[in-house]
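Biologist: Could you take me through one part of this model, with a close look at the side chains there and how they sit at the surface? I would enjoy a connected account.

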Amino acid sequence: MIFKSKTIQIFQSAFDRLTLYYPLIQNKTAVIAYSGGKDSTLLTYFYQYLYQSSKSPEPILFHLDHSIRDNFLQEKEIEIEMKNLFNKVSIKKKTFQKFLNI
C-alpha cells in the first residue's frame with residue numbers, strides 16, 4: 001500500500017512517541033486481532049507502515065468469525081482485505097450453540 005505523505009507524517013509521529021516500546025515493536029512479531037472495523041484497520045495500516053519502512057517485522061493478522069450472525073459476505077470481504085494487507089493471515093470460524101431459544 002502506498003500512503004500519502006500526510007499519513008506517513010502521522011504514522012511517523014506516532015512511532016516517535018513509542019520510543020519505550022522500540023525493542024518490542026522492532027524485534028517481536030505483532031499479532032493483530034482484525035475485525036474489519038475502523039480501529040483494527042487503522043492499527044493494521046500503522047503496522048503496514050512500520051513493516052514497509054523496516055521498523056517492524058510483518059505482523060500476523062487474526063480474525064475470529066463467531067458465527068453469531070449470518071454475515072458470509074462481510075466475512076469474505078474481511079478475508080480479502082486481510083490477504084491484501086499481509087501474507088501472514090489466520091482466520092478461525094467458531095460455531096456456538098444458541099443458548100437462548102426465544
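Modeller: Gladly, and please keep in mind that this is a predicted model. Let me begin with a nonpolar patch on the surface, formed by Leu-20, Tyr-21 and Leu-24, which together have about 350 Å² of accessible area. Of these residues, Leu-24 has its place in helix H2, which covers residues 22-27. Leu-24 counts as exposed because its relative accessibility is 52%, and the cut-off for that class is over 50%.

From there, let us turn to the charged side chains. The structure holds two salt bridges, and Glu-79 is a good place to pick up the thread. Glu-79 pairs with Lys-76, with 3.5 Å between the closest N and O atoms. Both residues belong to helix H4, residues 72-85, where they are three residues apart, about one turn of the helix. Lys-76 has a relative accessible area of 36%, so this residue is partly exposed. Glu-79, at 21% relative accessibility, likewise counts as partly exposed; the cut-off for buried is under 20%, so Glu-79 does not fall into that class.

Glu-79 also forms a salt bridge with Lys-83, and here the closest N and O atoms are 2.9 Å apart. Lys-83 and Glu-79 are both in helix H4 as well, four residues apart, again about one turn of the helix. Through these shared partners, the salt bridges join Lys-76, Glu-79 and Lys-83 into one network.

Methods: Residues numbered from 1 in each chain as written. Predicted model: local features only at pLDDT ≥ 70, side-chain atom pairs only at ≥ 80, totals over all residues. Heavy atoms only, no water. Patch = residues over 30% accessible without salt bridge, like charges linked within 9 Å, V, L, I, M, F, W, Y side chains within 5 Å. Areas by Shrake-Rupley, 256 points an atom, 1.4 Å probe, with all protein chains shown as cover. Salt bridge = Lys/Arg side-chain N within 4 Å of Asp/Glu carboxyl O. Helix = DSSP H or I, 4+ residues; strand = E, 2+ residues; numbered from the N terminus. Buried < 20%, exposed > 50% of the residue type's maximum accessible area, 1.4 Å probe, protein only.
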